[in-house]
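User: Could you take a close look at one part of this structure for me? After that, I would be glad if you walked me through its other parts in one connected answer.

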Amino acid sequence: MNEKNLANSQLGALVYDPAPESASIARIKSSYGLFIDGAFTEASAHEHFVTLNPATEEVLATVSRASDADVDRAVRSARHAYEKVWSKTTGAERAKYLFRIARLIQERSRELAVVETLDNGKPIRESRDIDIPLAAAHFFYYAGWADKLDHAGYGASPQPLGVAGQIIPWNFPLLMAAWKLAPALAAGNTCVLKPAETTPLTALVLAEILEQAELPSGVVNIITGDGSTGAALVEHPGVDKIAFTGSTEVGRLIQQRVASSAKHLTLELGGKGANIVFEDAPIDEMIEGIIDGIFFNQGHVCCAGSRLLVQESIADEVLRRLVRRVEQLRVGDPMDKNTDVGAINSAAQLARIQELTAFGEREGATRYSSACTLPDKGYWFAPTVFADVAQSHRIAREEIFGPVLSVLTFRTPDEAVAKANNTNYGLACGVWSEKGSRTLWVAERLRAGVIWANTYNRFDPASPFGGVRESGFGREGGRQGLEAYLNV
């Protein structure tokens, strides 16, 4: 760091010389078709859309838009592969394919990380160190289960459901694909996967990896498109199971659509996670946990710790340190290895964040936004903390899905629990305290699917993840993640 940068760092954010990753590693094609029956094919209606780099608004690639006829082709391919090949393949053989896919993800990890960052806007450091390694880890983990389903706790010789339709979001594109594909394939199902419209590229590179792994044709089909493509997949009569990760609003519509059918359904939806901080919490560790809980992946995390509940006796000190730490976050080029906070994924999401934060100011909350300089092009939002937030404020009730933290206070553990549970969601919460007994007492009373103690946003393939209430139902990950794809 030179003298000028050292002087700047003493004023606020740490400034480093640029350390960019090379975009050329991505090897993105100019256009992509649909991956159906083991090969790339043109959409039947010859309709296309473009996917953008949210940091620059530059076009990355042209992608085929699947019509209802294409969805039907993909489902028929998956059904044929299930009946003729995959349902007759032993667990040990299925495991070999999953292991092969996991190893190929590792071999192409740098390429996948660059593609993910270009298409999504998240910092390359997060793609490289978290998303891609975890995606490979999920395939490795479920490869180990493929020949042990009799010991998963779901009875002797549990059977697959058949064809699984899987719809994934734009915040963790490759990781969410791994979360869904790996247990489904291990359990003996075939799949039709639909990635988000704004982030289809890593799913399409994954299709290339499936070809490399010589996965039998039709076992996994990947179709790209918008909400109409997803709706066609949900309503297709040849689909036995729907797995959806996304917004609560869309999840509610999907549940209504499949209610009159025999389809199995799991939903992993929105959240408004609470990070509860008691006065005896280790403050330095806790500040970093709060930062990671809300600003990781630009706050585009369904389980983000977007509500901070702080005990009154330490509230002023925590807020002071928190605001100072936010000023130190490096916002900018996602391809720079020093970047902490990258670009917002789309113009629509940026508008949503801007709308809710403006509403927070009008409702009387005190806003602290980083003084960072935002790039001229792309979709950007400065990390923001709101103090003096009331439970009635929209920013305390609605999922913002961006780098925005709402700070509330409490006096007693009972009040902390009451405020944390005062939400329609129930995906994740964090508890910060040196007292194990207090942590357990609070955790037992929180209505959420995942509770972290003295940490936040920690994931492992062997650990189940999912929510309650309007955060959905069903679990992904761990032994429990197999249940959604077995006829139990």
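How many bridges join β7 to strand β8, and do the two run parallel or antiparallel?

Analyst: Happy to help! Please keep in mind throughout that this is a predicted model. Strands β7 and β8 (residues 190–194) run parallel, and five bridges join them. One point of register is easy to find on screen: V163 of β7 has T190 as its bridge partner in β8.

β7 itself spans residues 163–167, and five of its five residues are buried, so the strand is mostly covered. In a regular strand, side chains point alternately to one face of the sheet and to the other. In β7, V163, G165 and I167 belong to one side, while A164 and Q166 belong to the other. Residues on both of these sides are buried, so both faces of the strand are covered.

From there, let us turn to a helix. H138 sits in helix α5, which covers residues 124–145. Its relative accessibility is 2%, so H138 counts as buried. Leaving out residues up to four places away in sequence, H138 touches L175, A178, W179 and A182, and also P461.

Next come the open sheets. One has seven strands in the order β14-β15-β16-β13-β12-β17-β18, and its pairing is mixed. At its edges are β14 (366–369) and β18 (450–453), each of which pairs on one side only. From one strand to the next, the twist averages 20°. Within this sheet, β12 (residues 274–277) and β13 (residues 307–311) pair in the parallel sense over four bridges. I276 has L309 of β13 as its bridge partner.

Helix α14, made of residues 413–420, lies across β12, β13 and β16 (404–410), and it runs at about 170° to β13. A420 is a good place to look at this packing, as it lies in α14. With a relative accessibility of 2%, A420 counts as buried because the cut-off for buried is under 20%. Beyond residues up to four places away in sequence, A420 touches A274, I276, R307, L309 and L446. I276 and L309, the bridge partners mentioned above, are thus among the contacts of A420. The C-alpha atoms of A420 and L308 are separated by 9.2 Å, although the two residues are 112 residues apart along the chain.

Another open sheet has three strands in the order β1-β5-β4, again with mixed pairing. Its edge strands are β1 (31–32) and β4 (48–53), each pairing on one side only. β1 pairs with β5 (residues 58–64) in the parallel sense over two bridges, and Y32 stands opposite V63 in β5. Helix α4 (residues 109–120) lies across β4 and β5, and runs at about 100° to β4.

What about enclosed space? A search of the whole structure finds four cavities of 30 Å³ or more. The largest cavity has a volume of about 70 Å³. Its lining has 13 residues, and those nearest its centre are A304, S306, E399, I400 and F401. By type, this lining divides into seven nonpolar, four polar and two charged residues.

The second largest cavity holds about 60 Å³ of space. It is lined by 13 residues, with T266, L267, E268, F473 and E476 the closest to its centre. β10 (241–245) and β11 (264–268) each supply at least two residues of this lining. Here the lining divides into five nonpolar, four polar and four charged residues.

Finally, two backbone details in loops deserve a glance. Most residues other than glycine have a negative phi. E214, which is not a glycine, has a positive phi of about 60°. This residue is placed in the loop between α7 (201–212) and β9 (220–222). Its relative accessible area is 58%, so E214 is exposed. R469 is another non-glycine residue with a positive phi, in this case about 55°. R469 is found in the loop between β18 and β19 (472–473). Its relative accessibility is 35%, so R469 counts as partly exposed.

Methods
Residues numbered from 1 in each chain as written. Predicted model: local features only at pLDDT ≥ 70, side-chain atom pairs only at ≥ 80, totals over all residues. Heavy atoms only, no water. Buried < 20%, exposed > 50% of the residue type's maximum accessible area, 1.4 Å probe, protein only. Contact = heavy atoms within 4.5 Å. 1 Å grid on protein atoms, 1.4 Å probe; cavity = no way out; pocket = protein on both sides within 12 Å on 5 of 7 lines; lining within 4 Å. Points joined across faces, edges and corners; volume = space filled by probe spheres on them. Nonpolar A, V, L, I, M, F, W, Y, C, P; charged D, E, K, R; others polar. Pairing = 2+ DSSP bridges. Axes fitted to C-alpha atoms, helices over the stretch in contact; angles between N-to-C directions.
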